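Open the model in your viewer and keep the selection tool at hand. Each stop below says what to select and what to look for.

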Amino acid sequence: MITYYENERLFKLDTPNTSYLIGIVDEENFVGHIYYGKRLLDAEASYLLRTQELPYVPSKNNRERGAFYDTFPFEYPTGGVGDYRESCLSIRTESGHAGSMLSYVSHEIMAGKPGLAGLPATFGSDKECETLKLVCEDVYVGMQVELLYTAFSDVDVITRSVRVVNKGKEPFYLTKVYSACLDMDNRDYDMITLHGSWARERHIQRKPLGYGIQRTSSFRGESSHQEHPFLALVDRHTTQEQGEVYAMNFVYSGNFCAQAEVSQFDFVRMSMGIHQENFCWKLSPGEDFQAPEVVMVYTDQGLDAMTGTFHSLYRKHLLQGKYKDKKRPILINNWEATYFDFDTKKLLAIAREASALGIEMLVMDDGWFGNRSFDGCALGDWFVNEEKIDGGLAHLVEEVNKLGMKFGIWFEPEMISPDSALYREHPDWAIAIPGRPGTQSRQQYVLDLSRKEVVDCIYGMMSAVLRSANIEYVKWDMNRQLTDIGSAALPPDRQGELYHRYVIAVYEMQNRLIHDFPDLLLENCSGGGARFDPGMLYYSPQIWCSDDADAVERLAIQEGTALLYPLSTMGAHVSDCPNHIVGRVTPFHTRAAVALAGTFGYELDVTKIAREEREEIPRQVALYHKYNDLVREGAYYRIASYSQNHHYDCWQVVSEDKRESLVTFVQVMTRANHKSRRILLKGLDEKRRYRIYVEGQKPEREDGELVYSGDTLMKAGILVPDMLGDFQAKLIHLVAEESEKKGQVE
Ligand code: DGJ
């Protein structure tokens, strides 16, 4: 997979369908990026480094060293000595200077993939991947930089990360450390990013790449509702089915920057890493800094192929724990049912009704602790409010268990309310700038998790609650972003480390949680979906996608989320109507059809909804059990996007053996005098014949509606009849004929 060509001083990294070439250049051992793209049979492309063109290399033309720096395609560009494109690494020495330049020193090629100290990262066995460590240095600073590349053998993925070590005698400061860079020729690319807001997360945006820097980023202390740590450059003609895609996704949950810069020579520099804002990490002699991982995907087969690669990687090489590839219990969460107004009696009434309908777990959301009667108090007081939970938590859980249901609980461990016992005792535990009133958000502050005593105290309270009863699920929430970056415990020259130390502490806490409670199902959440990223997925196999569970709003949110993340990771529920966020009324079956594309559950008061809806729940539960293996494990294809066509949305999942497929079609807006809609299916076996069933519709013939070959279904498509009314959904099930005969399905 990874080969070093000694004479050519060239590294070639191969995945099944891609190659990545790195060259060492000139007497000063500059590390250049030669090629990333379709797999090459040989390793002869170093002419792409253009060292035979003016300004050549410094040993031949030192007079124009600056021009060399400003044009050479660097693997990991540094700043301050002549490359005016944005660098990946900036430093400041004790004397206040900033220039640096890296030279190759040595390398190591190893089987497998080393972990990254304190950080989440993809993993793989010695057979599944190989890693290249390139050791570089700047002797003037006394800095060693290790560039780490892993090539996978079962997915077209190369991951990158960077470790910086102070090998000198003086401290220096890292003021920027990105994790990956791709210097390429610009070929008329479009840029795809994910944007949003609270309740409107991860909408896909595509726009032409122009000259200069185009960036998506967050310095909110989390990956955020607003932007997403993902960037793809795609050929202007790339579609779902064909065309080139270069994609990067950051395995990190804090501040990030992802950008593309088109230079004067029509070169493009694509880079990704921790955002520079308020970042300054002091490295004393002997200390090191580990930057998080970037996942890189290249394909020439369009966006469906990119999505498939990310899904395979994350399913196999990122998700962990008992539930990684298991069906999750269908849950009912009391948030939209009761908000803060609940007690044991109300929760048990919901649980009783829910269990009779086939729902498998009750989740008690915000409001069960301290004197929390509204969202402005008690965060940090993680002890059960026995006025509300009368009889105690263990009693409530036992009663729920007696109904045959599991029990789950909500925490917001990273926060502190000014009105809390914890704050009254430890006001300095909140992140704040000394002498400056802190900015409140949802009337709360963020805890300074860079302090071990804070982490230990909160974790101690949490784990005591979890040990006090049979709790099988935790929803870990985070309802505000970071401001007033200051720690009462860090010295002045380390205040710039707080943002990153905070993220590492969250990882450490979640790591403790999943190791101390290995059977727990952990669902991350951040005011909806503000921290839905690969970093969090390393700890929790599912993340709440958005506070907006309106079936129509969810189409764009889930489309953008599923562009990168497996459907098994998307927290999706059937919620109340009129929808609490947008006030829209959608049919119960449509809400279920959309939620079935994720983890599935309910977020409503099942004792209060209309009888017809309640009666529909057992059928929806049955649909979940029928299709969840397929949804969780199948290949996902985007057929049509409501965000683009403004009429309908359609996606498809296909089992690995291609014997079964589920198509979800949502007609958002109906149209007068309209014919049926023709959609082309994907991913089927062209030679198999598939019988087609429409859920909830009696087949015209006893043995299913229609039988067509995969070839016809993919090339000619199927016709979906126009439906009466807005917000209608259909689930179309395809079963290969011989599977039915063998009784494998249905
Ligand atoms: C935000 C979450 O996304 C909601 O589901 C709910 O848990 C609230 N926080 C509770 O405060």
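The tour goes through a strand pair, a single residue, a helix pair and an open sheet. Keep in mind that the model is predicted.

**Stop 1: strand β7 and its partners**

Select residues 129–138, which make up strand β7. Is this strand enclosed by the rest of the structure or not, and why? Eight of its 10 residues are buried, so β7 is largely enclosed.

Next, add residues 103–111, strand β6. β6 and β7 run antiparallel and are joined by eight bridges. To see one position in this pairing, pick H107 and look across to L134 in β7.

Now add strand β8, residues 143–152. This strand also pairs with β7 in the antiparallel sense, over 10 bridges. Select E137 and find its bridge partner, Q144, in β8. Then follow the chain from β7 into β8: the two strands form a hairpin, with four residues between them. Click on G142 in the turn, where phi is positive, at about 80°.

**Stop 2: V177**

Move to strand β10, residues 172–185, and select V177 within it. Is V177 buried or exposed? Its relative accessible area is 1%, and because the cut-off for buried is under 20%, V177 counts as buried.

Show what surrounds V177. Beyond its neighbours within four places in sequence, its contacts include Y76, C88, L89, V162 and V164. I274, F279, F289 and A291 are also in contact with V177. Then select S90: the C-alpha atoms of V177 and S90 are 6.8 Å apart in space, although the residues are 87 apart in sequence.

**Stop 3: helices α4 and α5**

Select residues 344–357 for helix α4 and residues 393–402 for helix α5. Their axes come within 10 Å and cross at roughly 15°. Angles under 35 degrees count as roughly parallel, and the two helices are therefore roughly parallel to each other. Their crossing is right-handed.

Show side chains where the helices meet. From α4, T344, L347, L348 and A351 make the contact; from α5, H395, L396, E399 and V400 do. Of these residues, five are nonpolar, two polar and one charged.

**Stop 4: an open sheet**

Finally, find the open sheet of nine strands, in the order β29-β28-β27-β26-β23-β22-β21-β31-β30, with parallel pairing. Which strands stand at the edges? They are β29 (570–571) and β30 (574–575); each has a single partner strand, so one side of each has no neighbour in the sheet.

Within this sheet, select β27 (residues 521–524) and β28 (residues 542–544), which pair in the parallel sense over two bridges. End on E523, whose bridge partner in β28 is Q542.

Methods: Residues numbered from 1 in each chain as written. Predicted model: local features only at pLDDT ≥ 70, side-chain atom pairs only at ≥ 80, totals over all residues. Heavy atoms only, no water. Buried < 20%, exposed > 50% of the residue type's maximum accessible area, 1.4 Å probe, protein only. Contact = heavy atoms within 4.5 Å. Axes fitted to C-alpha atoms, helices over the stretch in contact; angles between N-to-C directions. Parallel < 35°, antiparallel > 145°, perpendicular 65-115°, else oblique. Left-handed = near helix turned anticlockwise from the far one by under 90°. Nonpolar A, V, L, I, M, F, W, Y, C, P; charged D, E, K, R; others polar. Pairing = 2+ DSSP bridges.
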